[in-house]
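Let's take a walk through this one together, a stop at a time. Have the sequence and the 3D view open side by side.

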Amino acid sequence: MPECWDGEHDIETPFGMLHVVIRGAAKGNRPAILTYHDVGLNHKLCFNTFLQNEDMQEITKHFVVCHVDAPGQQIGASQLPQGYQYPTMDQLASMLTSVVQHFGFKSIVGIGVGAGAYILAKFALIFPDLVEGLVLLNIDPNGKGWIDWAATKLSGLTSALPDTIMSHLFSQEELMNNTELVQCYRQQINNTINQFNLQLFWNMYNSRRDLEMNRTGSALNAKTIRCPVMLVVGDNSPAEEGVVECNSKLDPTNTTFLKVQAPYVCLFVFQPGKLTEAFKYFLQGMGYMPSASMTRLARSRTASLTSAGSVEGSRSRPCTHSDSSDGVGQLNHTMEVSC
């Protein structure tokens, strides 16, 4: 992969165009770090705070980072045409092979949130040889049934799309108690994402279980994911039950479960230091963290937590704030971090 790939690209795939942003250049035979955002967000809203964290930059300077925006979700995207059939979750996953081939990646380590976590898990199932590891935040492996989806769609007729998206991205507690935070995200989503395109992505994500069961007889089968997986969930997350179920199905010797006390959509905002530390050890387990960077990051972390450990912190910060606070030490297979 040449240096000139750094920047924004539109990649043609069998299921339509994908907007991709490359940061950095390939380093030897290391995998690319590939990110995929949740529904209601794009790569900037979802990952900027995390990747701008000083400790995370100590990691990413050793890797090429590839951000993928779901079709029509990037900032400034044109409205998709009337009658456009939005790709299914399987198709969205398959589109990633065109990205990998276009840039010549040997393999990837995926970081996905919500819908993006689901898509990356699908990608690992369909193309296991291309995925070396997955970091999945707030994944819901089952999706809604058609009755739940119909109820969601009907409720959407009486409430604005941003309100519906807010209910997906935040727990009811966060909606009530973090008005400034919610309004910040509401404004960002209203101003940066085409609402017609967002509705299509939202509808497809919500109807995914029935579509997949009609074709294959099952939804996401986490049991067959073979690569190392780190599952992360926020406290009071609407996806908490799904993440716990996913954790129960994965190989316990190859899976790490991290519960973080932070708003569902804002794990990267409130806990970038803790997630960076966890990601560092995840990469170390695959043999990809240079020793010099490990030493520097180790010096920046003085708290070694057990599964019941906690670090005091604030939760009433706006979504544009990037926090660097004490994080986790050697990562256990199950850990709960408080903020």
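Helix α6 crosses helix α9 in a left-handed sense. Bear in mind as you look that this is a predicted model. α6 covers residues 161-169 and α9 covers residues 195-206, and the two pack with their axes 11 Å apart at an angle of about 45 degrees. That angle is why α6 counts as oblique to α9. On the α6 side, the residues that meet α9 are L161, P162, T164, I165 and H168. Facing them from α9 you'll find Q195, L198, Q199, W202 and Y205. Sort the residues of this contact by class and you get six nonpolar, four polar and no charged ones.

Now hop over to the strands, beginning with β4, which spans residues 65-69 and holds H67. Is H67 buried or exposed? Its relative accessibility is 5%, and buried means under 20%, so H67 counts as buried. The H67 side chain isn't without a polar partner, though: it makes a polar contact with the side chain of T35, at 2.7 Å. T35 also turns up among the residues that H67 contacts beyond its neighbours within four places in sequence; the others are H19, V20, V21, R23, H43, F47 and L51.

Last stop: I111, which sits in strand β5, residues 108-113. With a relative accessible area of 2%, I111 is buried. Try finding F279 from there: I111 and F279 are 168 residues apart in sequence, yet their C-alpha atoms are 9.7 Å apart in space.

Technical notes
Residues are numbered from 1 along each chain as its sequence is written. This is a predicted model: local features need pLDDT of at least 70, side-chain atom pairs count only at pLDDT 80 or more; totals for chains, interfaces and linings use all residues. Side-chain values use heavy atoms; hydrogens and water are left out. Helices (H or I, at least four residues) and strands (E, at least two) are DSSP runs, numbered from the N terminus. Buried means under 20% relative accessible area, exposed over 50%, partly exposed in between (1.4 Å probe, protein chains only). A polar contact is a pair of N or O atoms within 3.5 Å; within protein, one must be able to donate a hydrogen and the other to accept it, and residues adjacent in sequence count only if both atoms are side-chain atoms. Contact means heavy atoms within 4.5 Å. Axes are lines fitted to C-alpha atoms, for helices over the stretch in contact, and angles run from 0 to 180 degrees between N-to-C directions. Angles under 35 degrees count as roughly parallel, over 145 as roughly antiparallel, 65 to 115 as roughly perpendicular and the rest as oblique. A crossing is left-handed if the near helix is turned anticlockwise from the far one by less than a right angle, and right-handed if clockwise. Ala, Val, Leu, Ile, Met, Phe, Trp, Tyr, Cys and Pro count as nonpolar, Asp, Glu, Lys and Arg as charged, and the others, Gly among them, as polar.
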